[in-house]
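Student: I would like to learn how to read a ligand shell, a domain contact and a pair of packed helices from a model. Could we take them one after another?

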Amino acid sequence: MAQIRLSEREVEHLRDDFSGTVITPDDQAYDEARKVWNGDIDRSPRVIAFCANTKDVQTALAFGRRSGLQIAVRSGGHSLAGHSVVDDGLVIDLRRLNQVSVDPEARRAVVGGGAIWSEVDGATVPHGLAVTGGHVTHTGVAALVLGGGVGHLMRGFGLSSDNLISAELVTADGQLREASASKNDDLFWAIRGGGGNFGIATRLEFQLHPIGETVFGGLLFYAPEQGPDLMRVYNQFAKSTPDEVTTILAYLAAPPAPFVPEQYHFKPGYAVVVVSPDQEVAENAVKPLRDFGPLFEMLAPMPYPFVQSLFDESLAPGTKVYWKSHYFAEYSDDVIAAIHANTAKMPAGPSQMINLQMGGAVARVPDDATAFAGRSAGFLGMFSGIWEEADERDAAVAWSKGFADSLAPLSLGGTYPNLAGEESEERLIASYGREKYARLARIKTKYDPDNVFRLNQNIVPAH
Ligand SMILES: Cc1cc2nc3c(=O)[nH]c(=O)nc-3n(C[C@H](O)[C@H](O)[C@H](O)COP(=O)(O)OP(=O)(O)OC[C@H]3O[C@@H](n4cnc5c(N)ncnc54)[C@H](O)[C@@H]3O)c2cc1C
C-alpha cells in the first residue's frame, strides 16, 4: 500500500479541534500508547487520537477519512487479531469515554463506548444488579457487546447484546445515530452480533438483572487421564443443566493459587468452571461432576466481581497468544477423542483450551432476532496457544492451529468472530450463514459503503 503523505500541519489542525490527546511517533508516550492486549502484536500507527468525548470521535473520524489513513478503533484493545491498532494508520481510542451510570429503579445502565467490564460491574453490583459481561474484567464493553457477548451469566440472562436496549454510534458519514428497537432498527439488528462494522459506539444502554450479594461459583479440577470419562459425564450434565447455571470446560495448568494444593501447582488438567446466581440449583446440578472425583475443588458463594476476575491474571494485558475457535453441537465420542489427543500435546506453560457452554437463555432467542450466530451451538471451543519467550512461539502457534484443524471436521463449521483470530471472508460467511451474512452486507452498504470500518471481522459491503 502506498504511504499516505501527512503533514505536521494537518496533525496540528486535528490537535486544535480536539479536546483529548493526539499522540504521534515523536511523543514520549507513543510506545505505551500503541500497545494492545495481545503482546504478539507490534504495530506503529501514524496518529493515535485519545478521544475525550463524542465530538472528538467525530473529529478524529473526519480527519482519518480526509487524510486517507486506515482507521482502527480501540476501546479495551483486546482484539485477538490486533484489529485495533494499525501500521501507518490512525487509531481512534475511546478508552476515556468510560463513564457508567446506573438507574437502580429502572434496572438500567448507561455505559460509555470506551468502558471496560470492571467499570460496569463496579457501578452495577453495589446496587445488586448485573448484566452478562465477558469472562475477563479488562476487556472492552462495546466491541464485546457488538459481537454478541458471551459470559458467565449468559445461560440465565442471555448474551450481553440480548440485554442491549439502545446504542449511540458515530457512523462512517460522521453522523451520530441511535440504534434501538424503534430507531434505525436495521442498525440495531446488525450491531447485536455484527461487530464494529457499522460505526463507533459511544454509548450503550443495558437492561440489568438482580444478582444478589454473592453468586455461587468456582471450579472443579481433574487429572488429565480423567479427561475422556469426564467429558462423557459433562456431556450428559450439559444436556440437562438448568439455565441458572453456566459452565466452562477447560484444559489448563493449575495456578499457584491458595485454593490449589501445592502438588498441583502448574500441573495441567481438565477444569470445570461453574457460575450461578442460585446456589441451591447449582449445588444440585453439579453433583455428578463432584461425584466423578475431582483432584480438588473450590466452589463457594463469592462476590460476582471476584468470579468475573478468575481468568484476569492468566490472560493479563501483554499476553502473547495465537487463538482459534469453533462451535460444536456436543461432546460426541469423536470430539472427545480429538480433544483428548490434542490436550495431551499442549506445550508446558500458559496455553489453554477453554470451551464455553452455550444454550439456556441464549438458545431461546429466535436466531433471526439479532445478527449473532451460534444460538444453537452446544459449546464454543477455543484453543489458545500462549507463550512467554520468543523461542516458545512456534510450538504454541502450531499446537493451537493443529488443535483447531483436527477438530474442524467435527465442528458446526463456523465460529464466534469476537473470539477468533484473523479470519477469511469464507469463514465469516460460514459463521453467520449465507442469509445472515447477506443481510449484514446490505446493512453495511447502507451505513458504511466505503468500508471505512474494515479493521475488524470484516463484513464487506454488497456492491
Ligand atoms: C482475554 C480475552 C477475553 C475475552 N473474553 C471474552 C468473553 O468472555 N466474551 C466475549 O464475548 N468476548 C470475549 N473476548 C473477545 C472480545 O469480545 C473481543 O476481543 C472484543 O473485541 C474486545 O473488545 P475491546 O474493546 O477490548 O477490543 P478492541 O481491540 O479495542 O476492539 C476490537 C474491535 O472492535 C472494534 N471496536 C472497538 N471499540 C469499538 C467501539 N466503541 N465501537 C465500535 N467498534 C469498536 C475495533 O474496531 C476492533 O475491530 C475476549 C478477548 C480476550 C483477549
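Tutor: We shall go through the ligand shell, then the domains, then two helix pairs. This is a predicted model, in which local features need pLDDT of at least 70, side-chain atom pairs count only at pLDDT 80 or more, and totals for chains, interfaces and linings use all residues. Residues are numbered from 1 along each chain as its sequence is written.

Student: How many residues surround the ligand, and which are the closest?

Tutor: A residue is near a molecule if its C-beta atom, placed from the backbone, lies within 6 Å of it. Here 36 residues surround the ligand, and the closest are Gly76, His78, Gly140, Ala143 and Gly196.

Student: Which elements supply at least two residues of that shell?

Tutor: Helices (H or I, at least four residues) and strands (E, at least two) are DSSP runs, numbered from the N terminus. The elements that do so are β3 (71-74), α5 (141-147) and β10 (200-207), and the largest share, five residues, comes from α5. By class, the shell has 16 nonpolar, 19 polar and one charged residues, where Ala, Val, Leu, Ile, Met, Phe, Trp, Tyr, Cys and Pro count as nonpolar, Asp, Glu, Lys and Arg as charged, and the others, Gly among them, as polar.

Student: What does the domain assignment give?

Tutor: The bounds, which come from an automatic or database domain assignment, are domain 1 (8-93), domain 2 (100-211 + 438-447) and domain 3 (215-419). The C-alpha centres of domain 1 and domain 2 lie 23 Å apart, and their contact, counted where C-beta atoms placed from the backbone lie within 7 Å, takes ten residues from domain 1 and 14 residues from domain 2. On the domain 1 side, helix α3 (residues 54-67) gives the most, with five residues.

Student: How are two packed helices described?

Tutor: One gives the angle between their axes and the distance between the axes. Axes are lines fitted to C-alpha atoms, for helices over the stretch in contact, and angles run from 0 to 180 degrees between N-to-C directions. Helix α15 (residues 425-432) and helix α16 (residues 434-447) pack at about 110°, with axes 6 Å apart, which makes α15 roughly perpendicular to α16 (65 to 115 degrees; under 35 is roughly parallel, over 145 roughly antiparallel, and the rest oblique). Leu428, Ile429 and Tyr432 in α15 meet Arg434, Lys436, Tyr437 and Leu440 in α16.

Student: Where does the other pair, α8 and α12, stand?

Tutor: The axes of α8 (residues 227-240) and α12 (residues 333-343) come within 10 Å and cross at roughly 140°, and the two helices are therefore oblique to each other.

Notes. Contact = placed C-beta atoms within 7 Å.
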